[in-house]
Amino acid sequence: MEIWSLPFSPSQRAKLLSAGYTYLHSFSHLSPSALAADLDVSPQEASDVLRVVTQAGMMRKPDSIVAGAQTAWDILCEDRTMNHITTSCEDLDGILGGGISCKEITEVGGVPGIGKTQLGIQLAVNVQIPVEYGGLGGKAIYVDTEGSFMVERAFQIAESCIQDIMDKVLQTDDVGVCQENLHVNAILANIFYFRICSYTEQIAVVNYLEKFISAQKDVKIIIIDSVTFHFRQDFDDLALRTRVLSALAQKMMKLAKKFNLAVVLLNQVTTKCTDGSFQLTLALGESWSHACTNRIILYWKGNERCAYLDKSPSLPLSAAPFSVTTKGIRSVASSCKRMRTT
Amino acid sequence: MPPLKSLQHQFPSIDSNLLHFCASHGIFSVEDFLVHDLYMLVALAERQTSSKGLKEGIAQVLTFLNNQHFPWMNGVELLESTQHNKHFLLTGFDGIDTLLCGGLCEGNLTELAGPSSSGKTQFCLHAAAHVAYTYMCSVLYLDTSNSFSSKRISYRVNRLLASPNKGEKGRSLEGIMSSILSHSVFDIFSMFETLHQLELSLSSQAEIQNSKLRLLIVDSISSLITPILGGKGPQGHSLMLNVGFILKKLAIDYNLAVLVTNHTVVGEGGNSKPALGESWKSVPHTRLLLSRDQMSNICNMSILKHTSMACGQTASFRLDG
């Protein structure tokens with residue numbers, strides 16, 4: 001195995017190559033002090049280099065063809081038990097195959113005022129629905145870059161969510177147990193809120209999240225509202241933007257897979273001119289559109305809000321209407337539905 | 001090239017005497033050895049007192065060097081090897097298999113580029129299911145965006161198992177799906193590690209479920225490379241080309257068909273072109289461009305580059321389900 005394929009910083013790599021160390025076996029029987037003298041670095045740095053090299057050298061033939069690989073059959077069996085995070089709108093859940101799926105990045109984009117932040121807050125509440133009532137019983141991380149998260153609205157949505165669960169439970173007479181476990185303050189306490197004011201803070205938060213989630217141990221959704229805001233104005237170097245955003249997306253993918261949680265990224269829209277006609281598309285460009293696993297576009301259809309599933313590896317592309325009510329995100333016909341009392 | 005002193009432990013004839021002799025002529029690493037005039041060196045070694053030991057040491061270094069490169073092959077051997085080993089793997093889409101004169105070619109690196117949601121992942125999943133079913137072999141799927149959908153694979157395999165013309169009994173969904181492996185890779189260095197592990201396994205002839213690995217899919221290689229490409233140094237470029245070379249080497253040495261996906265960016269004039277730039281263009285053997293008709297399930301594939309066919313030809317396929 002060669003040195004350039006190991007994760008060294010560019011300056012370390014340059015020093016190693018100029019000193020003639022190109023293969024792993026160049027390091028055999030080398031002490032940290034000898035290496036430090038050869039490379040003209042501190043002994044601490046030399047022992048760090050040797051640690052990376054020994055780790056790479058310890059690679060033996062793995063048990064399966066590649067360590068960590070899973071067969072498609074095992075993944076299929078696992079997925080059968082995978083939970084989805086409901087959006088509280090049956091039509092929307094229908095096109096998403098049950099709701100927002102864990103282990104995947106879902107991008108939600110739309111014009112201003114369509115309900116992206118509302119959907120984000122609804123998901124942050126819904127992820128906490130206990131497992132007995134069909135939810136995940138997890139916590140939420142809300143990264144706010146625009147300042148559009150309103151605690152009063154979250155309070156309102158949480159109250160309505162509890163009310164909905166109680167209504168369902170009323171039909172099965174388990175009221176007492178339910179009331180003890182669900183409380184609005186508990187729901188709000190399980191939403192971890194980060195307020196971000198620049199793109200460097202955004203990168204820093206994403207880097208910090210792994211440690212945070214390992215400590216918290218129950219986070220099931222990360223919502224970034226919106227991922228676009230700090231990358232639009234005053235960002236001159238577009239090549240740097242593409243690099244930073246794709247690195248961010250890959251880190252979120254790793255978090256989603258490692259901790260089995262859902263990642264929801266909210267995006268804004270921009271105008272694209274093709275052949276003289278103008279079209280609304282999601283912001284951040286072509287390269288960003290490949291970064292997510294699923295994509296939902298929210299748009300107006302007359303007076304109604306609709307959601308279109310634009311990209312998915314396993315579901316057909318389709319649309320569904322939804323509405324934003326005082327209770328949160330609900331299906332369109334729900335305002336006309338009367339509660340069944342029997 | 002390693003420094004000469006690291007070879008000391010492996011080959012006892014390369015002793016401190018030889019090292020001292022070489023150092024006196026400015027030779028510290030194997031590279032210096034190659035560059036130096038060997039006849040001169042041997043002649044100078046004759047004049048030394050321990051000339052026999054020195055000449056043994058020099059011969060040892062030369063043997064070591066001879067083992068570092070691939071053996072020479074002539075045209076006839078190459079042709080025989082190609083006809084014997086490098087077969088075509090049918091993808092399951094008839095139009096595409098005809099377009100590619102038989103399907104995905106073993107020993108070749110095929111790139112599939114296309115805008116977002118144009119059907120690249122669906123094509124890869126479909127091809128993986130079809131190859132695992134038809135050739136009773138293993139498929140390795142390296143996934144960078146958590147889009148490996150076991151549901152779609154099971155859907156495809158069930159359709160194939162139910163089709164009337166393949167009348168083999170005793171093959172189950174579980175058996176076929178157990179020979180398709182999926183691994184998530186999220187950055188370029190984990191990719192190098194994974195490919196290195198794969199090479200170790202293949203060189204020791206490991207098999208998954210008693211079946212040989214014949215197809216390697218990377219979906220998508222551009223997500224790993226975009227975060228490092230560009231910027232101040234050439235490091236990103238060199239890593240990109242290196243990963244391309246490793247994939248091609250794996251394809252040729254172990255007769256794998258390698259399929260990678262790439263995304264597209266907007267070029268001059270508003271046309272979309274494959275991402276990763278000019279240097280990447282020469283890396284894959286075959287380059288295909290995919291596009292999807294608006295709001296439909298029909299995808300169109302066109303050939304951008306092929307080692308043995310004309311470019312510009314197109315074919316369509318339909319994504320079902």
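The exercises below, each with a worked solution, concern the cavities, a helix, the unusual backbone geometry and the domains of a predicted model.

**Exercise 1. The largest cavity**

Determine what volume the largest cavity has, which elements give two or more residues to its lining, and how the lining residues divide by polarity.

*Solution.* Begin with the count, which comes to 5 cavities of 30 Å³ or more. The space in the largest of these cavities is about 120 Å³. Next, turn to its lining, which is made up of 14 residues, and note that A:Ser246, A:Ser287, A:His290, A:Ala291 and B:Thr226 are the ones nearest the centre of the cavity. The elements that contribute two or more residues to this lining are α12 (238–259) and α13 (285–289) of chain A, together with α11 (221–225) of chain B. Of the elements, α12(A) gives the most, with 5 residues. Finally, sort the lining of the largest cavity by residue class, which yields 5 nonpolar residues, 9 polar residues and no charged ones.

**Exercise 2. The second largest cavity**

Find which residues line the second largest cavity, and state how many of them are nonpolar, polar and charged.

*Solution.* The volume of the second largest cavity is about 100 Å³. Its lining consists of B:Phe93, B:Gln122, B:Leu125, B:His126, B:Ala129, B:Arg152, B:Ile153, B:Tyr155, B:Arg156, B:Arg318, B:Leu319 and B:Asp320. Two helices of chain B, α7 (120–135) and α8 (150–162), are the elements that give two or more residues to the lining of the second largest cavity. Sorted by class, the lining of this cavity holds 6 nonpolar, 2 polar and 4 charged residues.

**Exercise 3. A helix of chain A**

Work out how the end-to-end reach of helix α7 of chain A stands against the expected span, and list which of its residues are buried.

*Solution.* Helix α7 of chain A covers residues 151–170, 20 residues in all, and from its first C-alpha to its last it reaches 28 Å, which is close to the 28 Å expected at 1.5 Å a residue. For the burial, recall that an α-helix has 3.6 residues a turn, so residues three or four places apart point the same way. The buried residues of α7(A) are A:Arg153, A:Ala154, A:Ile157, A:Ala158, A:Ser160, A:Cys161, A:Ile162, A:Ile165, A:Met166 and A:Val169.

**Exercise 4. Unusual backbone geometry**

Locate the cis peptide bonds that join A:Asp225 to A:Ser226 and B:Asp219 to B:Ser220, then decide whether B:Ser117 and B:Leu276 are buried or exposed.

*Solution.* As background, most residues other than glycine have a negative phi, and most peptide bonds are trans. In chain A, the cis bond between A:Asp225 and A:Ser226 has an omega of about -15°, and A:Ser226 sits in the loop between β7 (219–225) and α11 (229–232) of that chain. In chain B, the cis bond between B:Asp219 and B:Ser220 has an omega of about -5°, with B:Ser220 in the loop between β6 (213–219) and α11 of chain B.

Now take the positive phi angles. B:Ser117, although not a glycine, has a phi of about 60°, and this residue belongs to the loop between β3 (109–113) and α7 of chain B. B:Ser117 counts as buried because its relative accessibility is 18%, the cut-off being under 20%. B:Leu276, likewise not a glycine, has a positive phi of about 80° and lies in the loop between β9 (272–274) and α13 (277–281) of chain B. With a relative accessible area of 8%, B:Leu276 is therefore buried.

**Exercise 5. Domains of chain A**

State how far apart the C-alpha centres of domain 1 and domain 2 of chain A lie.

*Solution.* The domain assignment divides chain A into domain 1 (3–66) and domain 2 (74–330). The C-alpha centres of domain 1 and domain 2 of chain A are 42 Å apart.

Conventions. Residues numbered from 1 in each chain as written. Chains lettered and ligands numbered in written order. Predicted model: local features only at pLDDT ≥ 70, side-chain atom pairs only at ≥ 80, totals over all residues. Heavy atoms only, no water. 1 Å grid on protein atoms, 1.4 Å probe; cavity = no way out; pocket = protein on both sides within 12 Å on 5 of 7 lines; lining within 4 Å. Points joined across faces, edges and corners; volume = space filled by probe spheres on them. Helix = DSSP H or I, 4+ residues; strand = E, 2+ residues; numbered from the N terminus. Nonpolar A, V, L, I, M, F, W, Y, C, P; charged D, E, K, R; others polar. Expected span 1.5 Å × (residues − 1). Buried < 20%, exposed > 50% of the residue type's maximum accessible area, 1.4 Å probe, protein only. Domains from an automatic or database assignment.
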